[in-house]
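Thanks for making time this morning. I would like to walk through the strand pairing first and then turn to the cysteines.

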Amino acid sequence: MYSNNTMPFKSTTSSADIKDTQSDEQQKEFHKKMKFAESVAQDELAGIIFQYIAETRKTGSALEAILELEWQEAVEESEKVIKNGSLKKPQLSKRIDLSKADYDLLQGNIKPEDIPDKNGSPIELTPKKVISHKGGRPFREYVNQEWLPNGLNITIFPCKDKNGDKNWSYWCNIIRQDGFDTSDWDQ
C-alpha cells in the first residue's frame, strides 16, 4: 500500500512536537505564575522586616512615614557623632529571628489558582525560603528596587549561634547606598 501524501517528512508536525509545544506553554505559564508568586512573597517579607525595624504593625504609607522619620533621626545622630571626631554612617538595624517562620507567605495574599504547583502540589514560599534563596540576593535586589528610595539599600546578614551554625536569625540593615550622600528620606 502506498500513500498519496507528497509532503516531506521534515515539514510534518509530529506528536512529539505537539507535546513540546504544550510543555513549552506549560513552562511559560508556570514561570509567569512563579514570578508573580515570588514578588508577592517578597513584598510580604519586606513588609514584615520593615515592621520589625520600625517596631510597629502599621503598613503602607504609615509604615513608610515611621521608617522615614527613624531614618532622619539616624542621619541626625550620625552627624553629631561625626562632629565629635568619629565616623558613623546612618543606619536602621534590627535582628530578626525567622527560626519559627515556617508559614506560607502566599496564603491569603494570592488567589489559589495563581499559586504555581510543582508535581501536583502548590508551592509554598516561606520567609526562610525567600530570604535564603540564592544567598538572599534576589530578595535584597527586589527590596532595593521596589521598596527603598534611591540612595538607600537593605543589607541582610545571617547570624550564627555560639557553635558557628546559622540559626535563621538575620541582621537586617537599611543603610546609605555607596556613592550617595542623601536619599529621599533625608530631611
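**Strand pairing and the cysteines**

Let me begin with strand 1, residues 91-97, which pairs with strand 5, residues 166-176, in the antiparallel sense, over seven bridges; please keep in mind throughout that this is a predicted model. Within that pairing, the residue that stands opposite D97 is S169 of strand 5.

Strand 5 also has strand 4, residues 152-160, as a partner, and here eight bridges join the two, which again run antiparallel. To fix the register for you, N153 has I175 in strand 5 as its bridge partner. Strand 4 and strand 5 form a hairpin with five residues between the strands, and in that hairpin G164 adopts a positive phi near 85°.

Now to the cysteines: how many disulfides does a search of the whole structure find? The search returns zero. C159, to take one case, is in no disulfide, and the nearest cysteine sulfur, which belongs to C172, lies 8.4 Å away.

Why is there no bond from C172 to C159? The closest cysteine sulfur to that of C172 is the one in C159, and because the separation is 8.4 Å, the two are too far apart for a bond; the cut-off applied to a pair of cysteine sulfur atoms is 2.5 Å.

Are these two cysteines buried or exposed? C159 is buried, with a relative accessible area of 6%, and C172 is buried as well, with a relative accessible area of 0%.

Key
Residues numbered from 1 in each chain as written. Predicted model: local features only at pLDDT ≥ 70, side-chain atom pairs only at ≥ 80, totals over all residues. Heavy atoms only, no water. Pairing = 2+ DSSP bridges. Helix = DSSP H or I, 4+ residues; strand = E, 2+ residues; numbered from the N terminus. Buried < 20%, exposed > 50% of the residue type's maximum accessible area, 1.4 Å probe, protein only.
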